[in-house]
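Trainee: I've got a structure full of labels here, and I'd like to know what earns each one. Mind going through them with me?

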Amino acid sequence: MNGTEPFKIPPEAAFATTYDVAIVGSGVSGALIAKTLGALGLKVLVVEAGPGEDVTIGEYTKSVERFYSAVSKDNNAPYAHSRNAPMPRDYDAVKLRDSQPNDRGYLVQNGPFEIDSTYSRVLGGTTRHWEAKALRMLPDDFRMQSAFGRGRDWPVTYDALAPDYGRAERELGVSGNVEDQRYGGLTFEDGYVYPMKRMPPSFLDKTMAKDLDGFEVKVGEQTFALNVRSTPQARNGIPNPAYDGGKGFTPTGAVSIHQAEMGGRCQGNTNCVPICPVQAKYDARRTLLAAMDTGNVHLLARTVAFRVEVDGTTGRVTGITCKTYADKDAPGHVTGMLQARIFVLAANAVENARLMLASDLHGSSKLMGRNLMDHAYLLTWGLMPQVVGTGRGPLCTSGIEDIRTGNYRQHHAAVRFSIHNDGWGWATGAPYTDLAELVDARNLTGAALRRGLIDRVGRQLLLDCMIEVLPEETNRISVDPRHLDQLGNPRPVVSFHIPDYTLETAAFSRRLTRQIYQRLGAEDHTRYDPLAPGWVSHDGEGFTLRGGNHWAGTHIMGTEARTSVVDATQKSWDHGNLYLAGAGSMPSIGTANTTLTLAALCLRTADAIAAELSPGLATASVSTHCQEIPA
Amino acid sequence: MTPEQTQADLLPGFLAISSVLTGFSEHALRGTGQTELYLATACEMVGDDSMRMMLGAFSACDIGDDTEAMGRHMRLCILSHARFGPLARNLIKLWYIGTWHCMPRDWHEAFGGNPADRDHIPSPTSYTEGLLWPAIGANPPGAKPFGYGMWANPPRVTRA
């Protein structure tokens, strides 16, 4: 088939075809599975709730310009609002009053914690706004219960997953330095290098490292030396000629069905979230286009999964009812049924659980939607003694990783710190709020204003403290027939609280960051507003915690149907031809952004599906009553 | 006169006051390509009269190159003036970040203007041409990148 056809499969043709595999969601999970299976000759359909646009530079540029024109530059600002496939927006998280749920946005917030995490319902999913940090989880993160008596163990060890981490780092195109990743028990295959060399540390990173490296910190009974280390990230840099036994690596640049020559290397646009204008940041459209190029994958966009249909006797999925709309806002849709031998839900941890619960499928463990996790972020901010050039480079090039694990995890949660090159924006709305203060309150104009801005913005340092949250059954996604979207789909209801285990580390992190600012001679400007959403208090001290957009745990992985939802391949215990893929399967999230780990898991899932449906049988599997898939 | 003629008439004064307010030369302001659009935006939201009166007050005394005298003149006649002060501060923000902020409600009640006044960015390039970014030695996030690895170098701006 030529380049454009697979993106324009008519809904009636898709619904009349029995595919080998039908995947709900075009994000990184679904794209990786589709690409792997398509390459093996299996016939795959990918269904996307949002518009299936942005496969040309021209369409992508519209998203960039929408971002430029948006007064509120939140992490979904580049994407058009859609009434038929609405998205959560961070500004919809407001302080809950009198324990009343907040339903002003797409997510219904039940509290008690007001979480400002979001996701994107567009082609490529939330990789369209992710920052692309690509840290591996630590070996200890996979054995929380056996090592620390907390949380849950995975049915997979780090060592077993390590080769898949390597595959994921290739698929996503990770720039990093293995030597900087030797801490906390992390191991790599002998001679392993990342596909591309690390992003050069920023001037701010280097300035901090001068005074910070070697700082000894006691956590629990152990002493750790802190060091500024480069952060691996799925952003195109300089290919490492030593990669793959000396074969090297060729970065994939901008996505386009037409020839496009950009995105081969980061240019320092300082806008990793939400949108890289040159596409040097990985997003799942890259994998989707490669999947389409196999000739075996179709995309059906503007189609929202409505109900998973199950045979009451066998438990097998007989189809997924979907609603396809023509206009993103206007009411009206057609209903159809996805047909396939195997179904994969890859719509993210919130939407997967929402769909299953909306289909009255709570799982024999009754854990569907429960064990919801996300990282809790404590933000701290200060002014360096000297101008450090804030506002240049990728959002983060380095972090502090040395205390990501230790025996202290028996008592409180793990944490890592990111050093932000983009200043206080996440915490305070800088530099816009700084400009307003200098003009409106300090009455500065002209040259004095320019000097004031350099002093106020050019010295900014923001350290984010990414804190682990463990699975708890009361933290959950649920559905409620009182809260429906325009298509009649139940909206996700979020119930979330921050456990003491996590709060203890928030308090610890505040103490440690104070010491870091003292060591750097930086002015600590951190303050938390008790009236802000996300305000929590612990032992008499108050903090504002922010969400990390790392939704996980809602179809948790385990060793048996009684205590988990999926097995180690992400296959449902209850439904023999259904996989629930993505961070929803993760039994812990440690202190790593979830994407790299869920990508590694999904590559394993693709292997499991391929083993089930051998490619030799795949051609015969396309049932005779439907039209041929155009080849 | 048509609105275009009115605004062409106001343009020299608008550039002059904008330069004093922002600390950027008229040449640099011209270089953003936003001058006419910003004048039109401001006039549309506050009305031509307010703009004309403010520019009249600005050029009422011949100050020349005396920056101290200009600073005093701005404080006394523009920045502390009930009608002109909020408009002048809005112009600074428009030039710096490309966003026109809705004027305060009490200002509209006192001085009229456009009932449809609202926060907005007049054009996508208004954002990328914001003066804030060159002022702090940074690029507007999402545009005008300095190039791979340049972030590792010392900043080009220094504290006064």
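Mentor: Let's start with the hairpin that β4(A) and β5(A) form, with two residues between them. In the turn, A:Gly220 has a positive phi of about 60 degrees. The model is predicted, with pLDDT of at least 70 needed for local features and 80 or more for side-chain atom pairs to count, while totals for chains, interfaces and linings use all residues. As for bookkeeping, residues are numbered from 1 along each chain as its sequence is written, chains are lettered from A and ligands numbered from 1 in the order in which they are written, and side-chain values use heavy atoms, leaving out hydrogens and water.

Trainee: How do you know that β4(A) and β5 of chain A pair?

Mentor: Count bridges: two strands pair if DSSP finds at least two between them, and here there are five, in the antiparallel sense. One of these contacts puts A:Val217 opposite its bridge partner A:Phe224 in β5(A). The strands themselves, β4 (residues 215-219) and β5 (residues 222-226) of chain A, are DSSP runs (E, at least two residues; helices are H or I, at least four), numbered from the N terminus.

Trainee: What do the side chains do along strand β4 of chain A?

Mentor: They alternate: A:Phe215, A:Val217 and A:Val219 point to one face and are buried, whereas A:Glu216 and A:Lys218 point to the other and are not. Buried means under 20% relative accessible area, exposed over 50%, and partly exposed in between (1.4 Å probe, protein chains only).

Trainee: Now the rings. How many aromatic pairs does a search of the whole structure find?

Mentor: It finds 22 over all chains. Take A:Phe113 and A:Phe496: their ring centres are 6.3 Å apart and the planes sit at 55 degrees, so this pair is tilted. A:Phe113 is in the loop between β3 (108-112) and α4 (144-148) of chain A and A:Phe496 is in strand β16 (residues 493-496), so the pair ties together parts 383 residues apart in sequence. The rule is that rings of Phe, Tyr and Trp (its six-membered ring) pair if their centres lie within 6.5 Å, with planes under 30 degrees apart called stacked, over 60 edge-to-face, and the rest tilted.

Trainee: Why does A:Phe113 count as buried or exposed?

Mentor: A:Phe113 has 5% relative accessibility, so the label is buried. A:Phe496, at 3%, is buried as well. Compare A:Tyr243 and A:Phe249, whose centres are 5.7 Å apart with 90 degrees between the planes, an edge-to-face pair. Both A:Tyr243 and A:Phe249 are buried.

Trainee: Which residues do ring pairs link into a cluster?

Mentor: A:Phe67, A:Tyr68, A:Tyr432, B:Tyr127 and B:Trp133. A:Phe67 also has A:Lys73 over its face, 5.2 Å from the ring centre. A charge sits over a ring if NZ of Lys or CZ of Arg is within 6 Å of the ring centre and within 35 degrees of the ring normal. A:Lys323 is placed likewise over the face of A:Phe306, at 3.7 Å from the ring centre.

Trainee: What is the order of the open sheet of three strands?

Mentor: The order is β3-β16-β15 in chain A, with mixed pairing. β3 and β15 (476-478) are called edge strands, each pairing on one side only. Neighbouring strands here are turned by 20 degrees against each other on average, direction ignored; axes are lines fitted to C-alpha atoms (for helices, over the stretch in contact), and angles run from 0 to 180 degrees between N-to-C directions. β15(A) and β16(A) run antiparallel and are joined by three bridges.

Trainee: What makes the peptide bond from A:Gly111 to A:Pro112 cis or trans?

Mentor: Its omega is near 0 degrees, and the bond is cis. A:Pro112 is found in strand β3 of chain A.

Trainee: And why is A:Lys366 called buried or exposed?

Mentor: Its relative accessibility is 56%, so A:Lys366 is exposed. A:Lys366 also has a positive phi of about 60 degrees although it is not a glycine.

Trainee: Last one: how many residues does the contact take from each of chain B and chain A?

Mentor: 45 from chain B and 52 from chain A, where contact means heavy atoms within 4.5 Å. About 3900 Å² is buried between the two chains, with carbon and sulfur atoms giving 67%. B:Tyr148, B:Trp151 and B:Arg159 supply 23% of what chain B buries against chain A, more than any other three residues. Buried area is the accessible area (1.4 Å probe) that two parts lose on being put together, summed over both.
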